Amino acid sequence: MRQRRAVPGVIRDDRRGMALEVKKPRAPKAQVGGTDNDENTAKARKGALFLVGVLVVYVAYLVFSGQMGTFVEALSGVDTRWVWAAALCYLMYFVFGVLAYVIAVIIDPESPVGVRDLMSVEASGVFFGNLTPMMAGAVPSQIVRLTRTGLDPGEASATQFTRFIMFQFGVVLFAAIMLIAKFRFFLESYGDIVFLNLVVFGVHLLELVGLFVVCLCPGFVRRVGNSAIHFADRRHWLKDTEHWTEVVNVQVQEFADAFKRAAADLPSMGLTLVVTMAQLACLYMIPWFVLHAFGRDADFLECLAAGSMVQMVASAVPLPGGTGGAEGGFALFYGPLFGDAATAGYLIWRIVTFFAPTLLAAPLLGLRSTSGVSLYHRWMRLTHRESGAATVRGSAVGGSVRVRHGGISLPHPGKKAAASSNKSASSNKSAARSKSAARSKSAASSKSAARSNKCRGVASVDLKALRARAQHKDVDNKDAHKDGGAEQ
């Protein structure tokens with residue numbers, strides 16, 4: 001008979017043709033990154049106050065420059081259907097972002113992360129990324145959200161770092177494709193400004209190359225980093241030397257290990273890249289819909305190319321929300337297309353891509369998945385490659401049990417609590433009664449046994465006495481007989 005390969009965590013019963021899978025209990029929610037989360041929250045508050053101040057200044061500029069009338073007139077003629085279409089594009093941008101995380105998580109059969117958890121992670125990136133300079137608060141906040149789903153800090157960091165690398169790679173790749181496809185458009189429309197595009201693209205390309213160096217050459221990065229820390233520490237340039245030492249010697253290696261583990265599954269990384277490109281396309285096409293809302297028309301690919309350049313310029317500005325870079329990039333690349341409606345067009349674009357998503361992301365931060373079934377097993381059930389699955393979770397089990405291919409459903413320990421409590425109470429009463437009856441029977445039997453043993457002892461003593469007396473009589477008779485014979 002062919003031997004089946006043993007699978008860790010799976011107990012097979014060949015007689016019944018089923019596989020019983022015992023899942024390990026979910027790891028406790030790690031309270032890591034608390035300090036980083038507090039710092040991100042403080043930065044987000046400052047960023048929100050900064051943006052409110054920017055909005056006040058913007059309104060004051062419209063009033064004192066005399067452009068408020070033109071602004072209101074442009075807004076009055078907006079076709080809201082195109083605005084809602086632009087909002088739908090950003091919704092798809094969010095959905096594709098969640099899908100990219102799903103692809104990273106679904107390959108692990110034991111991952112405790114659910115879809116609502118990933119929605120919270122993506123919303124955290126939107127909220128803290130928009131309110132911190134250069135989106136610096138996005139990655140730490142998303143790692144904290146992943147650890148609260150049950151992942152340990154190493155797994156959470158690996159998932160987030162892989163997602164971050166693929167997103168940056170998608171940004172650079174999309175911009176490169178647009179520059180190659182529409183270089184003549186940029187050169188004819190903006191003249192020497194096209195070299196600004198090349199400079200911005202070069203900055204992001206160097207950033208991506210640096211990420212790949214960290215991933216592929218961690219030993220080299222540690223040597224260079226430790227030398228730089230030692231050089232700066234001798235001159236008292238660093239306030240927290242231990243922090244940077246940990247970053248260079250611990251986090252760099254974790255970053256590299258996470259990328260190598262993800263690179264082992266090339267189809268998954270390729271699919272993540274495709275989803276990321278679709279996500280960026282949804283973001284970059286929003287100005288095209290805003291143009292149509294004001295009755296303007298433009299080439300779709302040209303709007304995609306200009307959108308990629310605006311986003312790269314805005315992300316390079318070290319202010320919350322890319323303030324300054326977003327306004328300058330929009331005025332530079334879309335100003336000629338909007339004409340006198342450029343100010344109103346910028347406001348609609350900024351509301352759809354920044355202000356509204358930031359406000360709407362806040363309620364999503366508290367989303368949590370309640371199901372104990374991993375996304376992997378859900379997908380297997382959906383594609384009918386895993387049937388007859390049941391999951392049991394409870395304190396008595398300490399984890400969850402799944403029966404596959406056996407068609408057996410095990411009841412949840414917490415269900416039917418009232419019936420089980422009544423049954424247990426009645427069973428306890430009957431058990432107590434049976435115990436008392438058994439005790440009385442055992443006591444009676446012990447008493448009767450003692451009495452019988454006593455009677456047996458008395459009878460045995462009387463029999464021994466009678467035997468002794470008979471023996472004495474026989475001896476006496478023999479002696480008397482001997483004495484009588486002697487006299488004769």
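These exercises work through the aromatic rings and the overall make-up of a predicted protein model.

**Exercise 1. Describe the chain as a whole.**

Step 1. Take the secondary structure. The protein chain has 18 helices and four strands.

Step 2. Turn to burial. The chain has 488 residues, and 37% of them count as buried.

Step 3. Look at the surface. About 28,200 Å² is exposed, and carbon and sulfur atoms supply 63% of that area.

Step 4. Check the contacts. Among those in the protein chain with a separation of 6 or more, 68% join residues 24 or more positions apart.

**Exercise 2. Classify the ring pair F174 and Y284, and place it in the chain.**

Step 1. Start with the search. The whole structure holds 18 aromatic pairs.

Step 2. Apply the geometry. The ring centres of F174 and Y284 are 5.1 Å apart and the planes meet at 70°, so this pair is edge-to-face. The cut-off for that class is an angle over 60 degrees.

Step 3. Locate both residues. F174 belongs to helix α6 (residues 153-181) and Y284 to helix α11 (residues 266-284), so the pair ties together parts 110 residues apart in sequence.

Step 4. Decide on burial. The limit for buried is under 20% relative accessible area. F174 has 8% relative accessibility, so F174 is buried. Y284 has 2%, so Y284 is buried too.

**Exercise 3. Classify the pair F330 and F338, then name the cluster around it.**

Step 1. Read the geometry. The centres of the F330 and F338 rings lie 5.4 Å apart with planes at 35°, so the pair is tilted.

Step 2. Consider burial. F330 is at 3% relative accessibility and therefore buried. F338 is at 0%, so F338 is buried as well.

Step 3. Widen the view. F330 and F338 belong to one aromatic cluster, together with F294, Y334, Y346 and W349.

**Exercise 4. Which rings have the arginines R163 and R350 over them?**

Step 1. Take R163. Its charged end sits over the ring of Y101, 5.7 Å from the ring centre.

Step 2. Take R350. This residue lies over the face of F354, and the distance to the ring centre is 4.4 Å.

**Exercise 5. Is S157 buried or exposed, and which backbone oxygen does its side chain reach?**

Step 1. Find the residue. S157 lies in helix α6.

Step 2. Judge burial. S157 has 10% relative accessibility, so S157 counts as buried.

Step 3. Follow the side chain. The side chain of S157 reaches the backbone oxygen of P153, at 2.8 Å.

Definitions and conventions:
Residues numbered from 1 in each chain as written. Predicted model: local features only at pLDDT ≥ 70, side-chain atom pairs only at ≥ 80, totals over all residues. Heavy atoms only, no water. Phe/Tyr/Trp six-rings, centres within 6.5 Å; stacked < 30°, edge-to-face > 60°. Helix = DSSP H or I, 4+ residues; strand = E, 2+ residues; numbered from the N terminus. Buried < 20%, exposed > 50% of the residue type's maximum accessible area, 1.4 Å probe, protein only. Lys NZ or Arg CZ within 6 Å of the ring centre and 35° of its normal. Polar contact = N/O pair within 3.5 Å; in protein donor to acceptor, adjacent residues only side chain to side chain. Contact = heavy atoms within 4.5 Å. Areas by Shrake-Rupley, 256 points an atom, 1.4 Å probe, with all protein chains shown as cover.
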